[in-house]
Amino acid sequence: MRAFLAATLAGVLLATSIPAKSQMLDRTRPPAPGPEPETTFPPFSERTLTNGLHLLVVENHKLPLVTISVVVRGGASLDGRLPGLADFTAALLMKGTAGRSATEIADQIEFLGASMHAGAGWDATTVSLSSLTRHLDIVLDILADVVLRPTFPEDEVGRQRALQLADLKQMKADANYLAGSRAGQMLYRGHPYGNLATDVSISAITREDCLKYHDTWFVPNNGYVVVAGDVTADSIARKLETLFVGWNPHPVALPKPPGVIPVDATRVFLVDRPQAVQSSLRVIHEGVARNNADFLALDALNTMLGGYFNSRLNASLREKHGFTYGITSRFDGRAAGGSFVVACDVRNAVTDSAVKAIIVELQRIVNEPVPDSELTMMKNYVAGKFPLTIETPQQVASQLHSIELYGLPADYYATLGTTVRALTAAQLHELAKKYIHPDRLMIVAAGNTAEIRERMAAFGTVDIVDADGKPVVH
Amino acid sequence: MNIPHMAAIIATASIASAAPQEVHLPFTQFDLPNGLHVIVNEDNAVPIVAVDVRYHVGSKNEEAGRTGFAHLFEHLMFEGSKNIPQGGFDEIMTGIGAQNNAYTTPDETAYHELIPSNQVETALWLESDRMLQFAVTRHALDTQKDVVKEEKRETDDNRPYGDLEEEMRKLVYPEGCYHWPVIGSMTDIDAATMKDVRRFFETYYVPNNATLSFAGDITAERARILAEKYFGDIPSSTTPITRPAYADPPQTAARTVSLEREVPTPAVYMVFTLPPEGNDDVYAVDLLASILGSGESSRIHHQLVYEQQISSDAGAYVESGELGSLLNVYAIGADVHHDIPQLTAALERELERVRTEGVTARELEKAKNQKESALVYGMMSAAGRAEALSHSWLFHRDPALATSQIEKYRAATIDDVRRVARLYCAPERRNAVNYTVKKGS
């Protein structure tokens, strides 16, 4: 309380002596920046354990914390006839092992203030663990247990099925999920990335399916581990060697998915949410895989189009028109293909105007090279934000994860700034012409079809489904 | 796969009882003559600095008919000031690779930047220019009204259970200044005038109502020089700021509102009012909330989601506030037939258990371990450190509380937890917002 009074009094006293104009700082010009700090990508170590498991470690002893991710390649792209299987299997890893019940696993981890998550993305299954360093040995033991010795108890399979069906029910009420999943399903038709989990597929998954997925793909030579934080590379390698004794390599043949079929003409896909006051929009077409040589430059190009707050799309749809709270675009690169996607939520009445405004920006970036001022701003942005992207060991770990999963060069992030600085407006213009297609787009909206349908038909043929994916006939 | 279980299982309790984790957050603080309070945490690990400018104003300072104004004003702060044209703020920030954002709560409005350390002056130039004299046009005001209305649609109106905050506040705070949601109402947002904007700025956006925090690659000495250079010439205000007081009468009977909505399944959200943030009892209730509903092994999650399988999600958490805090206890039905009476009874059973039997020593130790971990994680980023220091100053006049609060948690006993469970979670103190599924949806 004393500090508060003192501060207030000082304020009152000073109010009587407001500085004259001449004493004011000249704020008409921006301050000159200081010399650019020397920043380098943090060193990390790589090694292969005796069982073939690849280990990447970024040491950081600032805080007594460790994060460990065990990754197995394949993920949901291996779901096959049972969409959702990889994620279902991942969730069950933590629901019973040779030595621990589901309840014991959750309780032991949470008792230590640690956290553990398991889930599958399109290209990999990840089990990640965060803990204070002083509990490392105990939590590592649990981690090894869930990755190597899950038992998939029948009653837990039943629980998981019910829980995932309940989650799916909630998700189907979410406009963003409906738009995003419909967009992915339509773009990646015939490709594993278009294989969406449904009530039917979740209901069909059995204990044997999970066991088989685990036996087939959870193989050390099909995985890697990323460790970040307060450990030494040697000590964690020794611990993992001990914990993973008996986890033996055997040949794994990951299937090679087909290519993504290019979008051939602009079409409209609506998901009906009868009471919606907004449309969740996706404008999407095929892109490139994450390891494509053009990906980095495309990401730089996209930064100007829809990658930061000052992007063309946000400047138009949010700041100029007030159509949306925010809009982004991105090249979503995965292991076996990718997409270019624009995403935003807009009120019903301006849904078609928003699409038109998006197409205008796509055309502009294809038709004209970006001006130098904009290119410079983007390059300065990429260079300036570099130290922000390596602040925590967890941020660095996530970059190592991309390097390992997609097979990027080891110095990808270390040299990213230099690579972007060398890009020219002409090069980016060529890439825009090659990879952005304003004339053939899938326009997906989850919203109030009765209100938006007619005007959306101006863009192309309209296909309407309900939240369950069933065709809606008007 | 059949793999022998090699490593010995070590009893967890014995290890966890080791000496408590030390958490350090060194800082320097000082006042400028105009009343601006400055806090500095120096940390040179990475050449970045987090800058946090925080004003002691939020939605509780609004007037009836002008709800949502503090948040609308937060948007306007990016729309131009004396020397920065509209759009200039974000353009300059982008051009140096900085991240910046802002948020509004019932109690405070925070603006923060994360910047390369050689550009710290740029952030101070921009922040000081808009504290000195912002210059928003009528056109910018109109556009931001549209943006904010879109934000409300996206986060509230177009989402299942999205009107929870609005309905809960009406129920829990029938009279006081926490009655309305931060986002406000569409009508009130539309009603905001340029005159409102000017008055709000002149009253609240003054150095003697603000805190400036730095965390990262900057020395206390340089921070002082730069704070004086950029903020020293901003006059303080003599306009008195009226601080709203807690005006809701003590609750004497349970209150319930039933909402029939387009939701996938029924849901029960219970709220119990608590003392203001910083009160010792709130720390004890926070530990109780962890035991009841944080994580899969917590009582409510284990019972409702795992054992009974009547919920897809259920838990408990504390939301702290300057004039009063809230304990939230909730359960979302796993399917349409898990109705309000069933969900309510299951939650009430767990509340009754803590009121009568209290919690175990092991449960309390686990909750304390969780708070300790969360505190260490919070120190990881410069932005987190700057925010914790600013917030602790603004509401407690004690930046050290950002880390010393762990002692408050450690001091709580199982008797304390049972006492607060009985005191604050009594049935007659319950407020419930019950969602039922609209027929035909």
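Over the ring of which residue does the charged end of Arg334(A) sit? In this predicted model, the ring in question belongs to Tyr193(A), and the charged end of Arg334(A) sits 4.9 Å from its centre. A contact of this kind also occurs in chain B, where Arg130(B) lies over the face of Phe78(B) at 4.6 Å from the ring centre. Phe78(B) is in addition one of the members of a cluster linked by ring pairs, which is described below.

Across all chains, a search of the whole structure finds 31 aromatic pairs. One of them joins Tyr111(B) to Tyr205(B) in an edge-to-face arrangement, with 6.2 Å from centre to centre and 75° between the planes. Because Tyr111(B) lies in strand β5 (residues 109-116) of chain B, while Tyr205(B) belongs to the loop between α8 (194-204) and β6 (210-216) of that chain, the pair ties together parts that are 94 residues apart in sequence. Both Tyr111(B) and Tyr205(B) are buried. Tyr205(B) also pairs with Phe200(B), and here the ring centres are 6.4 Å apart and the planes stand at 40°, so this pair is tilted. Phe200(B), like Tyr205(B), is buried. These three residues belong to the cluster that ring pairs build in chain B, the other members being Tyr55(B), Phe69(B), Phe73(B), Phe78(B), Phe89(B), Phe134(B), Phe201(B) and Tyr204(B).

In chain A, strand β7 (residues 267-272) is mostly covered, with 5 of its 6 residues buried. Strand β7(A) pairs in the parallel sense with strand β11 (residues 442-447) of chain A over 6 bridges, and within this pairing Val271(A) stands opposite Ala446(A). A parallel pairing over 4 bridges likewise connects β7(A) with strand β12 (residues 462-465) of chain A, where Phe269(A) of β7(A) faces Asp463(A) as its opposite residue. Strand β7(A) is thus paired with β11(A) and with β12(A).

As regards cysteines, the structure holds 0 disulfides over all chains. A disulfide is a covalent bond between the sulfur atoms of two cysteines. Cys210(A) has a relative accessibility of 0% and therefore counts as buried. In chain B, Cys425(B) is likewise buried, its relative accessible area being 1%.

Technical notes. Residues numbered from 1 in each chain as written. Chains lettered and ligands numbered in written order. Predicted model: local features only at pLDDT ≥ 70, side-chain atom pairs only at ≥ 80, totals over all residues. Heavy atoms only, no water. Buried < 20%, exposed > 50% of the residue type's maximum accessible area, 1.4 Å probe, protein only. Helix = DSSP H or I, 4+ residues; strand = E, 2+ residues; numbered from the N terminus. Pairing = 2+ DSSP bridges. Disulfide = S-S within 2.5 Å. Phe/Tyr/Trp six-rings, centres within 6.5 Å; stacked < 30°, edge-to-face > 60°. Lys NZ or Arg CZ within 6 Å of the ring centre and 35° of its normal.
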